[in-house]
Each structure stands twice: as structure tokens, then as C-alpha cells.
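User: I am new to this structure and would be grateful for a close look at one part of it. Please take the core and the parts that surround it.

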Amino acid sequence: MEKIINVGVISCSNMARGHMRGVVRHPKAELVAICDIDVEKLNKVGEEFNVARRYTDYKELIAQPDIDAVIIVTPDREHKDMAIAALEAGKHVLCEKPLALTREECVEIAEAVKKTDKKFMVGQICRYTPAFKAAKEIIDRGDIGELMFVESEYAHDYESILKPGNWRWDPLRNGVVGGGCHAVDLLRWIAGDPEEVQAYSNHKIFDPELPYDDSTIAIMKFPNNVIGKVFVSVACKRNYTMRSLFYGTKGTIICDNRSEKFQLYRTSINGVTEPILNPSKMNSEIPVDIPVAINNHNATAEFEDFASIILNDKEVTTTVYEGAKTVAACFAIVESAQTGKVVKPDYNF
Ligand SMILES: NC(=O)c1ccc[n+]([C@@H]2O[C@H](COP(=O)([O-])OP(=O)(O)OC[C@H]3O[C@@H](n4cnc5c(N)ncnc54)[C@H](O)[C@@H]3O)[C@@H](O)[C@H]2O)c1
């Protein structure tokens, strides 16, 4: 009989609904159960996706023997217990970013992953954002030469969601770890693990009671003598963006997660050394606009990858260590901003 992955999703938030759409669109997956402590939301989403098995206790969901895989989309502090319990119950797990909010929790999850033969993937969704995927392919092909500078930002005004009492109002969550992890992960994915970080932060916009600074800049040294920076703000007054910039020795990519095209400047095409752009005429100022789909929460592609890993018994792409290293780099940024010192991230998980 054809193998079908039975999936349970823990949380009925909007992001969880995005994951659910990814599951129901997949020809070899079925959304069989959902969970949320908010009963009203649980029933509403249950009706929307026509899911009869609804739980308010995640332990009941993961105890269901026919469920093969669980997607965890709950507040960050819940990830560790849910991830470990699901793995111990023999489920494959796709866990939202950030993997966890402390180093100890990351280590505990990694230990549980080591003990199982089930797949564990971290939902670093920017790896499925069309513009970022295309940028990485161009860079990996060498089309802009050797990387020398990388930059990304996570600029997202949380004014409407960040209130006292909300789970995001948590010093451990910090804008850098909770949201900035997207930009940090993007740069790690493209340029490798930052070796050193120097960061500065300020708090000029948000309620002063918010227990962390609302804006942070980090400059970083990457492997192969690549330099870079990340800017994170949960307060800046504009629409959400992850503006990103990649300078190579032969070209440049300027992209973000919410535009229908990105810009590629280069001195040669397909590795042909003859310059197609004449520097004397400053033609290198003319970029090629490359169209891309706008899909900054591409949960469908993420689930396709997860399902393919399960169905074909492939290696996980965004492993628990990838998720842990991204938060480790974020911790280093927070520590540097707080102490004023250069910090080397600790990737030893
Ligand atoms: N990949 C992305 O781009 C992206 C975007 C948004 C959120 N996220 C991540 O997804 C997670 C959830 O964020 P959100 O925006 O969906 O949050 P949210 O506050 O909108 O929703 C969280 C949901 O979890 C439910 N919940 C809380 N504790 C629970 C428990 N113990 N058992 C069952 N349900 C529980 C809440 O009732 C709520 O419905 C976070 O880790 C966040 O970082 C990722």
C-alpha cells in the first residue's frame, strides 16, 4: 500500500494554519489531528480543515499510535518539552524556529534526537523563501565570484502583537533570538557559522518596560574571511522586510523576502570571463532584475522537504544542530550587545 504520512499539528495559530495547508496540499500526507489549549480556536480550525480529532493536551495527540509526524508551532518556551515528548513517542518532528530559548534546552533536544531514528527538522523557513533560495543557488554556482560581504535584516514592527503578558514579552525570547534568528540563519546558511560577533542595541521606540532592547546591529566575521552584518528591529516603523545583500568578487545580489524580483549585478555570465558589462561606461550599475514568487512563509515547500525526507529516508537538511547553531549565534549577538565585548558563538552542542 502507498505510504501516507499521518500528521498532527500542535497549535492552531495563523502560522500553524500555514503548516496545515502544506500538509493538506501534499499528495502523500494527511492532517489527522490538531491541538490547541484555546478550544474556540481549536474548533474553528478543526472545521476549516475538516479535522475531527482535536486535542487540548498535546500529550494526547502524540500518544496516538497512527500519527507518524508532529509539527510544533507553539510559543518558543513550549518547544523543548513537546519536541522531546514527540520524539520519545516515536514521531518525526518539524519544530518551529527558534529551536529553543536557552543553550541547555537546545542540548536536551539534540540529546533526544541522537537517541531516535526518527527525523527532526527545524523550521527555518527562509531557506524556502524563493528569493533567498535563488540567491543561494547563484552564490553556490560561483556566479558572483567569491563572497566577501553578507548582510540581512529582520525589520518587523511588533507594535500590535508585543504586549505585556504575551509570550513574546520575554527577556529570553529577545527580538534577536525570536525573530532575528531568520536573518542570522539566512547568513549562516549562505556564508557559514559566524566566528565572532560585535553588537550594539538600543531601545528608542517600544514601551521601556519591554525587557529587551528593540533594535540591534551586529557585525560579524564569517569563515573564509567573509564579513557581514545583521540588523534586527521589532519596532521600526515600516512594513516587514528582510532586506538582504550579498557582495561577491564578481557581482552582487540585492534581495528581500517580500518583493517580486531581486537584483543581480555581475561582471560575467555563466562563468564566461569576458566582461559583459563595460566598467568604463559604468554599466555595472545596471542590474538584471530576476522575477521571483513572493512567499516569505513558504510552509508548503518546507513540508514538501520534510515529507520527502521521511518518505525517502533522506538526511535531514535543517537539522537540530542547524537550529541550535542559529540560536547560538543569536545568543552571542545578545551577549555582545549587553557586555560591549566581542563574543565568539559557542557551537558545541
Ligand atoms: N517561521 C516563521 O516565519 C514563523 C512565523 C510566526 C511564528 N513562528 C513561530 O511559531 C511559534 C508560534 O508562533 P505564533 O505566531 O503561531 O504564536 P501565536 O501566539 O499566534 O499562537 C500560538 C498558539 O499556540 C497555542 N498554545 C500555546 N501553548 C500551547 C500548548 N501548551 N498546547 C497547545 N497549544 C498551545 C496558543 O493557544 C496559540 O493558539 C513560535 O515558535 C514562533 O517563533 C514562526
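Analyst: The account below begins with the domains and the core and then turns to single elements and residues.

This is a predicted model, in which local features need pLDDT of at least 70 and side-chain atom pairs count only at pLDDT 80 or more, while totals for chains, interfaces and linings use all residues. Residues are numbered from 1 along each chain as its sequence is written.

The protein chain is assigned domain 1 (5-124 + 298-318) and domain 2 (127-295 + 328-339); such bounds come from an automatic or database domain assignment. The centres of domain 1 and domain 2, taken over C-alpha atoms, are 27 Å apart. Across the boundary, 13 residues of domain 1 are in contact with 12 residues of domain 2, where contact requires that the C-beta atoms of two residues, placed from the backbone, lie within 7 Å. On the side of domain 1 that touches domain 2 there are 4 nonpolar, 4 polar and 5 charged residues. Ala, Val, Leu, Ile, Met, Phe, Trp, Tyr, Cys and Pro count here as nonpolar, Asp, Glu, Lys and Arg as charged, and the others, Gly among them, as polar.

The largest nonpolar core comprises 96 residues, and I10, V327, C330 and I333 have the most contacts inside it. Helix 10 (residues 320-339) contributes the most to this core, with 11 residues. Because domain 1 (5-124 + 298-318) and domain 2 (127-295 + 328-339) both give residues to this core, it lies between them. A nonpolar core is a set of buried Ala, Val, Leu, Ile, Met, Phe, Trp, Tyr and Cys residues joined through C-beta atoms within 7 Å. A residue is buried if 20 or more other C-beta atoms lie within 10 Å of its own, exposed if 12 or fewer, and partly exposed in between, with C-beta atoms placed from the backbone. Not counting residues up to four places away in sequence, I333 touches V176, V197, A199, T216 and A218.

Helices (H or I, at least four residues) and strands (E, at least two) are DSSP runs, numbered from the N terminus. The buried residues of helix 1 (residues 14-25) are A16, R17, H19, M20, G22 and V23. They pack against strand 1 (5-10), strand 2 (29-35), helix 2 (39-49), strand 4 (69-72) and helix 9 (299-311).

In the loop between strand 1 and helix 1 lies S11, which has a positive phi of about 115° although it is not a glycine. S11 is buried, because 27 other C-beta atoms lie within 10 Å. Together with S13, M15, D38 and E96, S11 comes nearest to the ligand among the 23 residues around it; a residue is near a molecule if its C-beta atom, placed from the backbone, lies within 6 Å of it. The shell around the ligand has 10 nonpolar, 6 polar and 7 charged residues.

N224 also has a positive phi, of about 60°, and is not a glycine. N224 is placed in the loop between strand 9 (215-222) and strand 10 (226-233). With 9 other C-beta atoms within 10 Å, N224 is exposed.

Finally, L87 belongs to helix 4 (residues 79-88) and is buried, with 25 other C-beta atoms within 10 Å. L87 touches V93, A112, V113, T116, K118 and F120, residues up to four places away in sequence not being counted.

Technical notes
The expected span of a helix is 1.5 Å times one less than its number of residues.
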